[in-house]
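Q: I'm new to this one. Could you pick a single part, look at it closely, and then walk me outward from there?

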Amino acid sequence: CACPAEVEDDGTCGQGLMLARYTRRDDPSRNTTRCLAPPQFDIFRAPPRFVFSLCWLWECFGPDFRGPDSSRIKPYTIVLPNVTAFHNMERM
C-alpha cells in the first residue's frame with residue numbers, strides 16, 4: 001500500500017486527486033490533510049453510497065497526527081470537502 005499523496009504547496013492536490021481531511025476521533029486537535037482519488041457513487045447498492053478503496057499504513061501519518069503512542073492505531077474520520085451524492089450523480 002502506498003501512503004496518501006501530500007498536499008501541494010499551494011494547498012491543492014495533483015490531477016485526479018482531491019483534498020481529504022483526517023481528524024482523530026479521540027483527539028480532534030490532531031488532524032491532517034492529504035490527497036485521495038475521489039470516491040465513486042454506487043447506485044446499485046441499497047441504499048446507494050460512496051465507495052472508495054483506501055490502503056496505507058498508520059506510519060504514513062506524521063508524528064503530530066499519530067500522537068505520543070505513535071505505534072498504536074487510533075480511530076479517525078476522513079472528510080472529503082465538497083463531495084455530496086448530488087455532486088457525484090451529476091458527474092456520472
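A: Let's start with R30, which counts as partly exposed at 22% relative accessibility, because that value falls between the 20% that ends the buried range and the 50% above which a residue is exposed. Keep in mind that this is a predicted model. R30 has a salt-bridge partner in D27, with the closest N and O atoms 3.1 Å apart. D27 is partly exposed too, with a relative accessible area of 23%.

What about other salt bridges? A search of the whole structure turns up four. Another of them joins R34 to E6, where the closest N and O atoms are 3.6 Å apart. That pair links distant parts of the chain: R34 belongs to strand β2, E6 to the segment before β1, and 28 residues separate them. The two partners also sit in different surroundings: R34 counts as buried at 5% relative accessibility, while E6 counts as exposed at 52%. Then there's D69 with R72, whose closest N and O atoms are 3.2 Å apart. Here D69 is partly exposed at 34% relative accessibility, and R72 is exposed at 52%. In the loop between α1 and β5 you'll also find S70, partly exposed at 27%. S70 and E59 are eleven residues apart in sequence, and their C-alpha atoms are 8.1 Å apart in space.

R34 brought us to β2, so let's look at the strands. β2 covers residues 31-36 and pairs with β1 in the antiparallel sense over six bridges. The two make a hairpin, with six residues between them. On β1, L19 has C35 of β2 as its bridge partner. β1 has another neighbour as well: four bridges join it to β5 (residues 76-79), again antiparallel. In that pairing, R21 stands opposite V79.

β1 itself spans residues 18-24 and has two faces: M18, A20, Y22 and R24 are on the covered one, L19, R21 and T23 on the uncovered one. If that every-other-residue pattern catches your eye, there's a general reason: in a regular strand the side chains alternate between the two faces of the sheet.

Follow Y22 from the covered face of β1 and you reach an aromatic cluster, formed by Y22, W58, F61, F65 and Y76. In general, a pair of aromatic rings is described by the distance of the centres and the angle of the planes. The count for this structure is eight aromatic pairs. Take F61 and F65: their ring centres are 4.8 Å apart and their planes are at 40°, so the pair is tilted. Both of these residues are buried, F61 at 1% relative accessibility and F65 at 3%.

For contrast, look at F52, in the loop between β4 (49-51) and α1 (63-66). F52 is partly exposed, with a relative accessible area of 34%. Together with F50 and L54, F52 makes a nonpolar surface patch of about 230 Å².

C35, the partner of L19 back in β2, leads to another kind of link. There are two disulfides. One of them is formed by C13 and C35, with sulfur atoms 2.1 Å apart. The torsion about the S-S bond is -85°, and the link is left-handed. Since C13 lies in the segment before β1 and C35 in strand β2, the pair ties together parts that are 22 residues apart in sequence. C13 and C35 are both buried.

C3 and C60 form a disulfide as well, with their sulfur atoms 2.0 Å apart. The torsion about its S-S bond is about -75°, so this disulfide is left-handed. It links distant parts of the chain, with C3 in the segment before β1, C60 in the loop between β4 and α1, and the two positions 57 residues apart. C3 is partly exposed at 45% relative accessibility, whereas C60 is buried at 10%.

Now step back for the overall picture. The protein has two helices and five strands, and along the sequence they follow the pattern β-β-β-β-α-β-α. Buried residues make up 27% of its 92 residues. The C-alpha atoms fill a box of roughly 45 × 30 × 25 Å along the principal axes.

Terms used:
Residues are numbered from 1 along each chain as its sequence is written. This is a predicted model: local features need pLDDT of at least 70, side-chain atom pairs count only at pLDDT 80 or more; totals for chains, interfaces and linings use all residues. Side-chain values use heavy atoms; hydrogens and water are left out. Rings of Phe, Tyr and Trp (its six-membered ring) pair if their centres lie within 6.5 Å; planes under 30 degrees apart count as stacked, over 60 as edge-to-face and the rest as tilted. Buried means under 20% relative accessible area, exposed over 50%, partly exposed in between (1.4 Å probe, protein chains only). Two strands pair if DSSP finds at least two bridges between them. Patches are made of residues with over 30% relative accessible area and no salt bridge: like charges are joined within 9 Å, nonpolar side chains (Val, Leu, Ile, Met, Phe, Trp, Tyr) within 5 Å. Accessible areas come from the Shrake-Rupley method with a 1.4 Å probe; for residues, only the protein chains shown count as cover. A salt bridge is a side-chain nitrogen of Lys or Arg within 4 Å of a carboxyl oxygen of Asp or Glu. A disulfide is a pair of cysteine sulfur atoms within 2.5 Å.
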